[in-house]
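User: Could you take a close look at a single part of this model, one strand together with the strands beside it, and go through how that part is covered and paired?

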Amino acid sequence: MQWKDNTTMRSGRTELEAAASAIALTTDDVAGEFTLTGDTKRRSDEEISQILADLHFGTIFSDHMAHVTWTVGEGWGERRIEPYGPIELSPAAAILHYGQEIFEGLKAYRHADGSLWTFRPQFNAARFNASARRMAMPELPVETFLGSLVDLVRQDAAYVPQLPGALYLRPFMFASEPFLGVRPSHRFEYFVIASPVGAYFANGFTPVSIWVTKEYHRSGPGGTGDAKTAGNYASSLMPQQQAADKGFDQVCFLDARTQENLEELGGMNVFVVYRDGHVATPVLTGTILEGGTRSAIITILSEEGVEVEQRTIPLAELVRDISAGEVSEIFACGTAAVVTPIGRLASDDFELQIPSGPVTERIYERLTSIQSGEAEDPHNWMLKIA
């Protein structure tokens, strides 16, 4: 989407949602595409149990990884499940010099009956290829993307913890050709690694504090803001550190064009709940990453009869409405944390406390109940892995 001023969107699917909905592959269609190669040694059951008893986020990894290479002329090569370990890379590899890289994030859940599931992988597959197009990288066949998840999780199923934990899956692709010229690489590596995780925020489902930076921007019109690429996150790290130094959990960015409108956190989308019951979230302008959790929340709220506006949200308006009591809740959402209430919003010229409320908690419970298999999944968002 191109930049649109003062835009309000109340209905209609995005291109990503339409692409995800068109993916009709089942687990049986994609399982077995990746072949186990190399040393199959894994940690002992006792070691794995110790890991699962003390979960953090993204610090410990399972025994294997999925891997496939793409080259000009030959396309995608052999699909492999390999031992997890260091990647051999030339110092001249294009990723190290020009940052040609994309990634995704999703989770595998263990239901009460022991079965393994993941949430909206079709959306991740569609977004991965949208990011690839923006970054001049080869698209990955959807069956290969889904197959890499299924085969890796099945191989390392012992690492999927009991709820509320999950196995975080990180598919990523980068330019590996050793070449210093400025052009798209002729060789790419696709991997998936897996990490058993607990809560993203150390305090769990409790309100977080947000610092609004007015000095730095995550992306700008015509940039890579709607691609899930490493550079967007690299540019967010310094302002995120500044926010942490001020005692805040996360940073929120404004748009680079006007420097006035709310966009997103360093890695999460934002929703504002108003006293009259309607909900607003920043409209997708091409500078915001479209989230699968975001679109699922819009669907859930709309089905409940809640009016959801996707529109430009000026920071000045938001500050005014919070101060006047017109805003009843604000929350952030993303794969890692699912839904997180925002309890404090501040910048150089304001500091506001935001009350907690029932909408945030209800959405959190609804989503996590679907992910855990405790609630009906009317949209078939969950894909059974094993």
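Analyst: Two strands pair if DSSP finds at least two bridges between them, and the strands themselves (E, at least two residues) are DSSP runs, numbered from the N terminus. This is a predicted model, in which local features need pLDDT of at least 70 and side-chain atom pairs count only at pLDDT 80 or more, while totals for chains, interfaces and linings use all residues. Residues are numbered from 1 along each chain as its sequence is written, and side-chain values use heavy atoms, with hydrogens and water left out.

Strand β14, residues 269–274, is mostly covered, with six of its six residues buried (under 20% relative accessible area, where over 50% is exposed and anything in between is partly exposed, with a 1.4 Å probe and protein chains only). Both faces of β14 are covered, since N269, F271 and V273 are buried on one side and V270, V272 and Y274 on the other.

β14 runs antiparallel to strand β17, residues 327–334, and six bridges join the two; within this pairing, Y274 has V327 of β17 as its bridge partner. β14 also pairs with β15 in the antiparallel sense, over two bridges, and here V273 stands opposite V279 of β15. The hairpin of β14 and β15 has four residues between the strands, and G277 takes a positive phi near 105° in that hairpin.

Within β15, which spans residues 279–282, lies T281, and this residue counts as buried because its relative accessibility is 1%. Leaving aside residues up to four places away in sequence, T281 touches V270, F271, R294, I298, E309, Q310, R311 and I313, where contact means heavy atoms within 4.5 Å.
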